[in-house]
Structure formats: structure tokens, C-alpha cells
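These are my notes from looking through one structure. I kept the entries in the order in which I looked things up.

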Amino acid sequence: MAESKTYSIQDALQAQSALRAAAGLEPERFPVEAFVGMISDEIEALRTQGQSNEQIASLIRQSSAIDVTSGEIEANYAPPEQRHQNGH
């Protein structure tokens with residue numbers, strides 16, 4: 001059986017960005033609720049390492065243009081049972 005190909009999130013986002021630009025589409029945007037839900041695996045891992053929601057929010061703000069607060073992380077964090085529904 002052939003080995004499954006895998007790609008980094010950076011490669012996937014770069015390809016999506018190029019396709020959207022070629023199609024004349026605006027960059028895709030997400031509400032804070034969806035964004036925090038998407039990064040909940042990473043939030044969980046950082047919490048396990050002792051990071052607080054404020055530290056996580058600060059890291060996000062320092063590394064991107066995303067202005068998320070610790071309260072938004074707390075309110076929108078998706079626990080594992082929500083994240084892994086539908087076989088994900």
C-alpha cells in the first residue's frame with residue numbers, strides 16, 4: 001500500500017492563500033470562536049506544560065496580528081471530546 005502524503009499547516013496555508021489570490025477571493029477570516037476552537041489542541045498541550053491562558057494569549061499576540069484575550073481562550077476552548085468528534 002502506498003504511503004500517505006502529509007503536509008505542514010504552513011504549506012497548506014501557503015497553497016490556500018495562492019489559490020484564493022488566483023481566484024480573486026479575499027483572504028479567509030475566522031471569528032475568534034472558530035480560531036480558538038482550531039487551536040485547542042495546542043492550547044491543551046501548552047496548559048499541560050504549565051502555561052496559563054494569559055501566557056498563551058500573549059504568545060499569539062506576539063507572533064501574529066491576532067488580538068485574542070485570555071478570556072476569549074477560556075470561553076472558546078474546545079475540550080478533547082468536542083475536538084475529536086467525527087473521527088478527527
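**Entry 1: Tyr 7.** I began with Tyr 7, which sits in the segment before α1. The model is a predicted one, and I keep that in mind for every entry below. Is Tyr 7 buried or exposed? I found a relative accessibility of 61% for Tyr 7, so it counts as exposed, because exposed means over 50%. I then looked up its distance to Ala 21. The two residues are 14 apart in sequence, and their C-alpha atoms are 20 Å apart in space.

**Entry 2: the whole chain.** Next I listed the secondary structure. The protein chain has six helices and zero strands, and its pattern along the sequence is α-α-α-α-α-α. I looked up the radius of gyration, which is 15 Å. The globule rule gives 12 Å for 88 residues, and the value for this chain is well over that, so the chain is more spread out than a compact globule. The C-alpha trace spans about 40 × 40 × 20 Å along its principal axes.

I also noted how much of the chain is covered. Of the 88 residues, 17% are buried. The accessible surface comes to about 6900 Å², and carbon and sulfur atoms hold 54% of it. For contacts, I took those between residues at least 6 apart in sequence; 49% of them join residues at least 24 apart.

**Entry 3: Asn 53.** I picked Asn 53 in helix α4. Its relative accessible area is 13%. Buried means under 20%, so Asn 53 falls in that class. Which residues does Asn 53 contact, leaving aside its neighbours within four places in sequence? I wrote down Arg 47, Ser 70, Ile 73 and Glu 74.

**Entry 4: the largest pocket.** I turned to empty space. Rolling a probe the size of a water molecule over the atoms shows where such space is left. The largest pocket holds about 790 Å³. I counted 23 lining residues, and the closest to the pocket centre are Leu 13, Phe 30, Phe 35, Met 38 and Ile 66. Three elements give two or more residues to this lining: α1 (9-22), α2 (32-38) and α3 (40-48). Of these, α1 gives the most, with seven residues. By class, I have 12 nonpolar, three polar and eight charged residues in the lining.

**Entry 5: the second largest pocket.** This pocket has a volume of about 200 Å³. Its lining includes Phe 35, Ile 43, Leu 59, Ser 63 and Ile 66. The elements that give it two or more residues are α3 and α4 (53-63). Which element gives the largest share of the lining? My note says α4, with four residues. The lining divides into eight nonpolar, two polar and one charged.

**Entry 6: Ile 66.** I had now met Ile 66 among the residues closest to the centre of the largest pocket and again in the lining of the second largest one, and I looked it up by itself. Ile 66 lies in the loop between α4 and α5 (70-76). With a relative accessible area of 34%, Ile 66 is partly exposed. Not counting residues up to four places away in sequence, Ile 66 touches Phe 35, Ile 60 and Arg 61. Last, I checked Val 32, which is 34 residues from Ile 66 along the chain; their C-alpha atoms are separated by 8.9 Å.

Key
Residues are numbered from 1 along each chain as its sequence is written. This is a predicted model: local features need pLDDT of at least 70, side-chain atom pairs count only at pLDDT 80 or more; totals for chains, interfaces and linings use all residues. Side-chain values use heavy atoms; hydrogens and water are left out. On a 1 Å grid over the protein atoms alone, a cavity is a set of points where a 1.4 Å probe fits but cannot get out, and a pocket is an open set with protein on both sides within 12 Å along at least five of seven lines; lining residues have an atom within 4 Å of a point. Grid points are joined across faces, edges and corners, and a volume is the space filled by probe spheres set on the points. Ala, Val, Leu, Ile, Met, Phe, Trp, Tyr, Cys and Pro count as nonpolar, Asp, Glu, Lys and Arg as charged, and the others, Gly among them, as polar. Buried means under 20% relative accessible area, exposed over 50%, partly exposed in between (1.4 Å probe, protein chains only). The radius of gyration is taken over C-alpha atoms; the globule rule is 2.2 Å times the number of residues to the power 0.38. Contact means heavy atoms within 4.5 Å. Accessible areas come from the Shrake-Rupley method with a 1.4 Å probe; for residues, only the protein chains shown count as cover.
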